[in-house]
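Student: I'm new to this one, so could you walk me through it? Let's take it piece by piece.

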Amino acid sequence: MSDEAVTVLGIDIGGTKMAAAIVSADGRLVREDRIPTPAGDADQVFAALGELIDRIRDDATPAAVGIGSAGPLDQQYGLVSPVNIAGWRNFPLVDRVRDLVGGVPVRLGVDGHCFALGEFWTGAGRTVDNLLGIVVSTGVGAGLVLDGKPLLGQSGNAAHLGHMVVDLDGEACACGSFGCVETYASGPRMVARAKRRGWRSDEAVDAAVLSADAAAGDEIALAVFDDGAQALAAGIVATAVTVDLTTVVIGGGVAKAGPVLFDPVQRWVKRFAQLPFVAELTVVPAQLPNAGLIGAARLGRDALEPAGLATAGQSDRSPRPGAGSGNDPRLGQPTTVDASG
Ligand SMILES: [Zn+2]
């Protein structure tokens, strides 16, 4: 079978929607569909997902399946317990999907990792080998791609940037710690902070309203975005000096705020990133509307890699559209600068 004929199935599991797509081995989206995540018990939720999968694969058997899911999850046993899907607690999603699709390799990953992998494969990070991807939404998720491979970590939960402590006197966090990036930068926490300062305190409003008000010049909204941006930048720079990278991609609902978020993030990153090897740290918006889904497909596709390829050099790397074609203007600036001319 030629590489072009190989397709993989990507699945993205979230608390509000479930998406599935057929993706070619070189990262092109063939078709995609999504449904609202249903309420119900474990089997009812899976029945809805199963219908979606059957519809999208249309009787064909993909070569592999990759699943990105909201956490927590148990990668060793393929179990998921998404916080916002009450019916699934230690649900054996990998086994159930494998049974449904027909015995092909099935890989499972954290949704933040899949986001980073998707942007690395065909999105804003397709010309670089090292990338931090961050999803700023109702929480703050993240994933790292290092030397072209996702960093999973011992338990599969690496790169939990949202729970990096950036304020030693900070507020309590849902994770049990305090002063986490997420307590400043998640949409709901930014809205709560703004309300405590008197912004639309009697209204039922969300982060989209907050970002619109910030864009219109509201001082409280701007200050809250600046605080969130500072926390994000602290997490970004801490990660960059730890693993040595230059490209950060931010997506998610709150990132749709655009310059209201990106301008202060870039300003704070520039302030914090003083060591020479992170001085060129670049923060750019996500390019894919469905990076988590594309990244999930990439997880599945990587299950097909022949053993040994993972340690091979750049020339053996999986093809990425646009990769190797020079500097991508959408990356803002070259990520490597050869001053020798
Ligand atoms: Zn936390």
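Student: Let's start in the middle of things: which residue of S11 stands opposite Ile-134?
Tutor: First, a heads-up: this is a predicted model, where local features need pLDDT of at least 70, side-chain atom pairs count only at pLDDT 80 or more, and totals for chains, interfaces and linings use all residues. Residues are numbered from 1 along each chain as its sequence is written. Strand S8 (residues 131-136) pairs with S11 in the parallel sense over four bridges; two strands pair if DSSP finds at least two bridges between them. Opposite Ile-134 in S11 you'll find Ile-250.

Student: And in S12, which residue does Ile-250 stand opposite?
Tutor: S11 (residues 247-251) also pairs with S12 (residues 282-285), in the parallel sense over four bridges. Thr-247 has Thr-282 as its bridge partner in S12. For Ile-250, the residue opposite in S12 is Pro-285.

Student: Through which helix does the chain cross from S11 to S12, and is the crossover right-handed or left-handed?
Tutor: Strands here are DSSP runs (E, at least two residues), and so are helices (H or I, at least four), numbered from the N terminus. Right-handed means that, with the strands pointing away from the viewer, the path from the first strand over the helix to the second runs clockwise. The β-α-β path from S11 to S12 goes through helix H8 (residues 259-272), and the crossover is right-handed.

Student: How many of the five residues of S11 are buried?
Tutor: A residue is buried if 20 or more other C-beta atoms, placed from the backbone, lie within 10 Å of its own, exposed if 12 or fewer, and partly exposed in between. Thr-247, Val-249 and Gly-251 point one way from S11, Val-248 and Ile-250 point the other way, and all are buried. S11 is largely enclosed by the rest of the structure, because the count of buried residues is five of the five.

Student: Is Pro-92 buried or partly exposed?
Tutor: Pro-92 sits in the loop between strand S6 (79-80) and helix H2 (93-101). Beyond its neighbours within four places in sequence, Pro-92 is in contact with Gly-78 and Leu-79, where contact means C-beta atoms, placed from the backbone, within 7 Å. With 17 other C-beta atoms within 10 Å, Pro-92 is partly exposed.

Student: Which strands stand at the edges of the five-stranded open sheet?
Tutor: That sheet has mixed pairing and runs in the order S3-S2-S1-S4-S7. Inside the sheet, S1 (residues 7-13) and S2 (residues 17-24) pair in the antiparallel sense over seven bridges, with Thr-7 opposite Ser-24. Each edge strand has a single partner, so one side of each is left without a neighbour in the sheet: they are S3 (29-36) and S7 (106-110).

Student: What angle do the axes of H3 and H9 cross at?
Tutor: Two packed helices are described by the angle between their axes and the distance between the axes. Axes are lines fitted to C-alpha atoms, for helices over the stretch in contact, and angles run from 0 to 180 degrees between N-to-C directions. H3 (residues 111-122) and H9 (residues 291-302) have axes that come within 6 Å. They cross at roughly 85°.

Student: Last one: how many strands does the protein chain have?
Tutor: Of its 341 residues, 45% are buried. Among contacts with a separation of 6 or more, 65% come from residues 24 or more positions apart. The chain has nine helices, and its strands number 12.

Definitions and conventions
Contact = placed C-beta atoms within 7 Å.
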